[in-house]
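Me: Let us go through this structure by question and answer. Please show it first.

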Amino acid sequence: MALLLSAVAKATPDNLAEPSSGSCFIDGIQEQLTCGYVPVPENYQQPGAKQIKIHYAILPAISEGAKPDPLLILAGGPGQAATELAPMISRIFDAVRPQRDIVLIDQRGTGKSNPLECDISHADELIQSDEEQNLTETARKCLANFSDTDTLQYSTHNSIRDFERVRKELGVEQFNLYGGSYGSRAALKYLQLYPDSVRTATLDAVAPPQVIIGPFGLHGSLAFDQLLEDCQQQLSCSDAFPELGDDYQQVMSRLGNEQVILETTDPLSHQPLTIRLTPGRFSSIIRMALYSPMTRQLLPYAIHSAAKNNFKPVLGLMGGTTIATQNSIYLGLMLSVVCSEDLPRATDSLFQQDANNDFIGGRTGDAFKALCAGWESKPVADDWDKPVKSEKPVLLLSGTQDPVTPPRWGDIAARTLPNSRHIVAEHASHTIASHTCANTLIANFIEQGSVQQLNAECLKNRIPQPFVLNVNGEGL
């Protein structure tokens with residue numbers, strides 16, 4: 001999972017109509033699952049008024065006699081639907097399933113839980129545009145689709161209340177939580193609101209409520225600088241791309257001064273697609289590619305090729321990160337959360353500090369300011385961002401290459417979690433359970449119910465990944 005606009009292919013559960021629970025199948029998973037829904041108030045202050053359905057799916061434990069404390073997946077974004085991540089979750093947490101069910105709940109506003117979905121084919125273009133007015137109008141048009149919905153009720157707190165209703169409906173005494181990216185914030189809020197309902201919590205790519213999500217210029221810049229340094233440290237990369245930082249700035253300057261139009265094919269419809277490559281779009285493609293070690297390996301070659309007027313590698317990155325028409329982010333839910341819970345807490349000083357870089361400047365912060373100008377929002381209470389205190393066992397995970405949730409955010413969360421352990425993986429990026437041995441570590445943590453004797457040696461064996469040097473994949 002990714003925080004804000006990461007691309008994951010959708011998988012839609014079937015058979016989620018009446019009755020409220022039953023067997024179902026999800027694309028990408030061969031076995032039969034259990035799916036259902038729980039009705040909840042849209043507004044918890046008006047319990048007798050409008051109800052919405054919170055949908056869930058259960059990946060059953062493989063062995064008989066499953067333990068009674070399942071793993072609950074809290075999806076990222078904000079705006080991802082947990083059930084749509086089912087194939088990936090099943091693969092990553094295969095070491096958990098022999099003993100425990102895995103519960104996937106679509107957060108309100110996502111998936112089949114009254115989705116706040118807008119008719120936008122490429123949501124990642126929202127942070128690639130260079131025209132703020134277009135973003136504000138995009139948000140207004142999106143909001144107009146939900147005249148019968150109180151979008152102010154689509155908050156983190158209400159989502160946790162929904163999850164608690166599902167827990168009770170399923171007869172579960174305690175969950176083990178896994179929250180990736182924004183899901184880590186949801187897990188912390190679950191600990192804060194319903195501590196007795198939680199056995200353990202794993203926070204992967206930590207975003208505690210004390211920090212602001214949205215302005216990611218500084219974090220992206222630091223991750224990009226790390227990329228440049230890593231290329232210089234690898235002799236083959238430094239020989240092939242000796243002026244990589246200058247190459248990047250050359251491309252950004254050119255895109256700001258002239259139109260570059262790329263012709264490609266939509267990866268799903270196979271229809272011709274024309275793309276104008278702007279500085280905002282190019283920098284966003286590079287930033288998004290930093291989320292994963294696999295796409296990060298391609299960046300030096302892609303940047304250098306673009307400086308030589310060859311944009312085919314950039315198009316390849318777009319196909320993997322930013323133009324897939326099956327977008328995983330539900331824009332309305334993302335804006336309902338960020339525009340009420342984060343942007344109102346962001347000061348002018350923070351925006352100025354975030355923009356003080358020559359990688360993407362303040363584009364992400366400016367984009368969300370423009371989007372929130374067109375979306376209904378209400379600032380959260382003053383104490384919303386108070387540190388979460390808990391005695392529960394908590395495992396915090398970070399990657400040194402993460403361009404969006406830096407390891408220091410994990411340190412901030414850990415200060416008030418005395419029974420926690422923060423593990424930082426070298427040469428790893430965002431949500432490290434997806435690309436390191438951390439998934440096995442998480443399974444061991446859940447089984448032990450403690451961080452005290454947890455062996456994390458496998459993460460120390462991770463080595464820098466080689467960079468791709470040419471179109472033939474040399475360097476791997």
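Reply: Contact here means heavy atoms within 4.5 Å. The model is predicted.

Me: Which residues does Tyr190 touch, not counting residues up to four places away in sequence?

Reply: Tyr190 is among the residues of the largest nonpolar core that touch the most other members. Its contacts, leaving out residues up to four places away in sequence, include polar or charged partners such as Glu164, Arg167 and Ser197. The full list is Leu72, Ile160, Phe163, Glu164, Arg167, Phe175, Leu177, Pro195, Ser197 and Val198.

Me: Which helix gives the largest share of the largest nonpolar core?

Reply: That core has 68 residues, and Leu72, Ile105, Leu177, Tyr190, Leu203 and Leu335 touch the most other members. The largest share is seven residues, and it comes from helix α12 (residues 331-341).

Me: How many residues of α12 are buried?

Reply: The buried residues of α12 include Leu331, Met334, Leu335 and Glu341. The helix is largely enclosed by the rest of the structure, because the buried count is 11 of the 11 residues.

Me: Are the faces of strand β6 covered or uncovered?

Reply: Strand β6 spans residues 175-180, and six of its six residues are buried. On one side lie Phe175, Leu177 and Gly179. On the other lie Asn176, Tyr178 and Gly180. With all of these buried, both faces are covered.

Me: What is the bridge partner of Leu72 in β6?

Reply: Strand β4 (residues 71-74) runs parallel to β6, and four bridges join them. Within β6, the partner of Leu72 is Leu177.

Me: Which residue of β7 stands opposite Asn176?

Reply: Six bridges join β6 to strand β7 (residues 198-204), and the two run parallel. Together with helix α4 (residues 182-193), these strands make a right-handed β-α-β unit. Opposite Asn176 in β7 stands Thr200.

Me: Are α7 and α8 roughly parallel or roughly antiparallel?

Reply: The axes of helix α7 (residues 244-257) and helix α8 (residues 279-289) come within 8 Å and cross at roughly 150 degrees. Angles over 145 degrees count as roughly antiparallel. The two helices are therefore roughly antiparallel.

Me: Which residues of α8 make the contact with α7?

Reply: From α7 come Tyr248, Val251, Met252, Leu255 and Gly256. From α8 come Pro279, Phe282, Ser283 and Ile286.

Terms used: Residues are numbered from 1 along each chain as its sequence is written. This is a predicted model: local features need pLDDT of at least 70, side-chain atom pairs count only at pLDDT 80 or more; totals for chains, interfaces and linings use all residues. Side-chain values use heavy atoms; hydrogens and water are left out. Buried means under 20% relative accessible area, exposed over 50%, partly exposed in between (1.4 Å probe, protein chains only). Two strands pair if DSSP finds at least two bridges between them. A crossover is right-handed if, with the strands pointing away from the viewer, the path from the first strand over the helix to the second runs clockwise. A nonpolar core is a set of buried Ala, Val, Leu, Ile, Met, Phe, Trp, Tyr and Cys residues joined through side-chain atoms within 4.5 Å. Axes are lines fitted to C-alpha atoms, for helices over the stretch in contact, and angles run from 0 to 180 degrees between N-to-C directions. Angles under 35 degrees count as roughly parallel, over 145 as roughly antiparallel, 65 to 115 as roughly perpendicular and the rest as oblique.
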